[in-house]
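Reader: I should like to examine the interior of this protein closely, beginning with its enclosed empty space. Please then proceed to the packing around it.

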Amino acid sequence: MVTKRQITTMCPMNCMPTQCGMTAEVEGNKLISIKGDQHNPDSQGFLCVRGRASAEIFENPKRLLHPLRRVGERGEDRWEQCSWDEAYTLIVNAIQQTQPERVGLWRGHGAGTTGPIGGTLISRFGRLAGYQNWVSAIVCWAMGGYGLGLTGALKTNTKQDMAANSRTIILWGATFASQPDLAPHLVAARKRGAHIIQIDTRRTEASSHADEVFLIPPGSDAALALAMAHSILQEGWHDQEFIAQHTHGFDAFKDHLQQYTPEWAAGITGIEPERIRELARHYATETPAVIVLGGSSMFKHQYGWEPARAIACLPALTGQFGIAGGGLGQRHGASPEGTALADVLADAVPAMPNEAAIPSHMTSITRALTSGQLDVLMLFGTNMLSSFADANELARGLAQVKLIVSYDIFMNATARQCADLILPGTAWLEDIGLKQTGTHIYLMERVLKPAGECRNLITILRQLAQRLHLDTFFPWQDEDDYVNALLSAQKTDSGESLTVAKLQRLGGYWQKNGLTHVAYQAHNFQTPSKKIEFWSERAQQAGLSPLPTYTQPAGAAYPLRFCQGRTLTAFHSFFDEGQALPTLAKANPEPELWIHPQDARQRAIANGTPILITNQRGQFAAKAHVTDDILQGVVWMRDGWAGINRVTSGDPIVSTTANNIVAGIPGGQAAYDAWVEVGSALAAD
């Protein structure tokens with residue numbers, strides 16, 4: 001008799017910094033149901049529509065179940081089934097017929113549905129083989145991290161600290177679409193009397209939790225932060241003792257700030273000068289105060305490092321670093337102080353000479369593709385055409401590559417248009433995994449047999465490494481032994497390393513060793529001076545301004561500023577832009593553009609009207625969502641649609657010289673700027 005089992009696991013959506021716990025009911029080799037895990041220390045039973053919809057992966061007629069080889073020309077979307085041996089032979093032959101530096105590995109969020117298990121091995125594979133191996137954070141959180149790193153504030157306080165101690169909470173570009181687990185902690189803080197302020201380009205789900213909402217144009221965040229800093233100094237709200245002991249370059253910064261008055265910022269942000277002063281006063285005097293920064297969208301413009309660089313100076317001016325309830329709150333790409341997973345790449349010495357490496361710099365990668373520098377490109381869990389800026393140029397580059405391999409669980413636009421070989425991946429319950437939040441590590445056990453001929457990344461990379469004679473690629477006995485190596489930095493009370501078996505006995509939860517809910521209590525910041533750097537010599541040497549700045553965007557021939565971000569009903573381009581899962585497809589049947597009522601009236605556009613978004617780079621079709629939750633002159637759309645980046649810039653944000661001046665965080669994001677016009681598709685017909 002087959003019995004039902006209740007399995008504790010984690011959601012595969014990879015939403016970071018949120019990672020939600022999940023309870024799965026399994027009968028035999030079939031998933032019966034999933035729901036939020038009430039006992040998960042982070043999510044406490046919450047599971048959004050994206051997580052609940054992931055049950056629809058299994059027994060889905062659109063799921064990839066066998067290796068597929070292209071038939072006919074690229075873009076015809078015609079395929080024939082092939083064996084794994086045939087697939088491996090095609091890959092290995094293509095690699096062996098070229099040089100290692102002409103092989104590229106690019107991974108997206110889809111390679112992280114079971115945490116760092118697969119992504120870490122992709123890096124190991126690339127290093128040992130001498131392949132191009134890029135940091136995919138350059139399409140996501142890295143630009144914000146780059147700006148924070150220049151100032152020196154990469155560590156965060158926890159959401160639990162915010163709930164317990166913060167009197168003022170500024171949600172600066174942070175939304176529940178990225179971190180829904182923040183909501184109950186905001187509720188707890190408000191019950192204590194905390195004042196919550198939202199700063200964003202549009203009203204979001206977080207707006208209902210805010211006491212004040214400031215809507216500002218995209219890219220104007222640095223101007224607002226600098227004007228706040230000006231007011232803090234002008235009114236004497238700064239902490240001179242903290243500044244003297246823990247910052248570098250204050251005198252130059254103080255002089256520099258004189259130009260950034262609230263009156264100056266009002267013309268850029270649309271916020272009245274007195275309201276900017278009041279915002280600065282509230283932040284500086286109603287303390288402790290925490291700033292929760294968005295992870296990605298607010299940095300996706302030509303001067304994307306400037307907002308985080310300037311905002312990170314505010315806690316330093318007011319002495320908010322290193323105190324309970326202060327500093328910076330949880331953010332994608334950041335963590336509190338504590339012990340994380342072990343480094344299993346330390347012995348993997350890169351085989352590629354430095355001079356042959358194409359940097360983790362989006363414009364450089366696209367240029368390498370268009371100039372024919374790559375013969376083989378392996379894509380792991382990514383729809384590259386939807387994630388790179390200037391998709392038109394990227395498509396021209398992909399056309400130059402001789403062999404493109406796509407590993408995923410569903411088809412996507414890049415696979416259909418550009419791939420030559422499709423490898424079917426496992427879903428999260430068919431694989432072992434580890435998920436990390438700021439405070440905990442969670443085990444994801446393998447409870448289902450893989451569907452069809454699907455294989456996990458560990459198996460595929462091991463089998464390719466064997467055929468390519470990379471003998472040191474997988475020095476572990478089996479998959480559990482590999483996961484044990486990742487867990488080895490965590491020590492139990494007896495001093496032994498944490499293991500999969502121990503995690504299983506503990507129910508799959510583990511609080512990280514050395515965890516502190518308050519970052520920088522020792523005031524040891526991540527800069528060469530070990531201080532918060534108002535003045536950055538690294539930036540100056542790399543050709544950037546050594547002081548925080550705001551740069552006005554260049555004018556354009558098109559009237560509307562286009563920007564993009566997340567919603568609670570979609571996650572980037574997961575699941576074929578959401579269309580492979582019925583629940584998400586119903587919530588997102590087609591691209592939808594937010595447009596202000598006055599902008600819509602000027603163009604005779606009604607709510608729900610089919611529209612075309614156009615500029616000098618291209619166009620794509622959508623449906624109008626007319627709303628005053630967006631500013632006039634700004635239009636917004638959820639990211640992940642394959643056509644969205646036909647209109648975005650793709651220009652480099654920083655030079656390759658400045659790319660690596662913040663350790664571990666490349667500045668290689670390209671600009672996603674776009675100025676567009678919007679018109680009725682019916683009129684165009």
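How much space lies in the largest cavity?

Author: The largest cavity holds about 80 Å³ of space. Of the 13 residues lining this cavity, Cys-11, Met-13, Cys-15, Thr-18 and Cys-20 are the closest to its centre. Three cavities of 30 Å³ or more are counted. A cavity is a set of points on a 1 Å grid over the protein atoms alone where a 1.4 Å probe fits but cannot get out, and lining residues have an atom within 4 Å of a point. The model is predicted, so that local features need pLDDT of at least 70 and side-chain atom pairs pLDDT 80 or more, whereas totals for chains, interfaces and linings use all residues. Residues are numbered from 1 along each chain, and side-chain values use heavy atoms, without hydrogens or water.

From the cavities we may turn to the packed interior. The largest nonpolar core (buried Ala, Val, Leu, Ile, Met, Phe, Trp, Tyr and Cys joined through side-chain atoms within 4.5 Å; buried is under 20% relative accessible area, 1.4 Å probe) has 102 residues, of which Tyr-146, Trp-172 and Leu-377 touch the most other members. Helix α7 (residues 221-234) supplies the largest share of this core, with 10 residues. Apart from that core lies another, of 53 residues, including Val-103, Val-344, Val-405 and Phe-473. Among the residues that Trp-172 touches (heavy atoms within 4.5 Å), beyond four places in sequence, are Asp-221, Leu-224, Ala-225, Met-228, Ile-291, Val-292, Leu-293 and Gly-294.

Helix α16 (residues 391-398; a DSSP run of H or I, at least four residues) shows how burial is arranged along one element. Ala-391, Leu-394, Gly-397 and Leu-398 of α16 are buried. Viewed down the axis of α16, its buried residues fall within an arc of 115 degrees, so they line one face of the helix. The cover over them includes α14 (362-370), β13 (376-380), α15 (384-387), β14 (403-408) and α17 (413-418).

Two histidines are also withdrawn from the surface. His-440, in strand β17 (residues 440-444), is buried with a relative accessible area of 11%. Beyond four places in sequence, His-440 touches Pro-41, Asp-42, Lys-435, Trp-510, Gln-511 and Lys-512. His-596 occupies the loop between β21 (592-595) and α24 (597-602) and is buried, with a relative accessible area of 17%. A polar atom of the His-596 side chain lies 3.1 Å from the backbone nitrogen of Gln-598. Outside four places in sequence, His-596 touches Val-626, Thr-627, Asp-628, Ile-630, Leu-631 and Gln-632.

Notes:
Helix = DSSP H or I, 4+ residues; strand = E, 2+ residues; numbered from the N terminus. Buried < 20%, exposed > 50% of the residue type's maximum accessible area, 1.4 Å probe, protein only. Arc of directions from axis to C-beta. 1 Å grid on protein atoms, 1.4 Å probe; cavity = no way out; pocket = protein on both sides within 12 Å on 5 of 7 lines; lining within 4 Å. Points joined across faces, edges and corners; volume = space filled by probe spheres on them. Polar contact = N/O pair within 3.5 Å; in protein donor to acceptor, adjacent residues only side chain to side chain.
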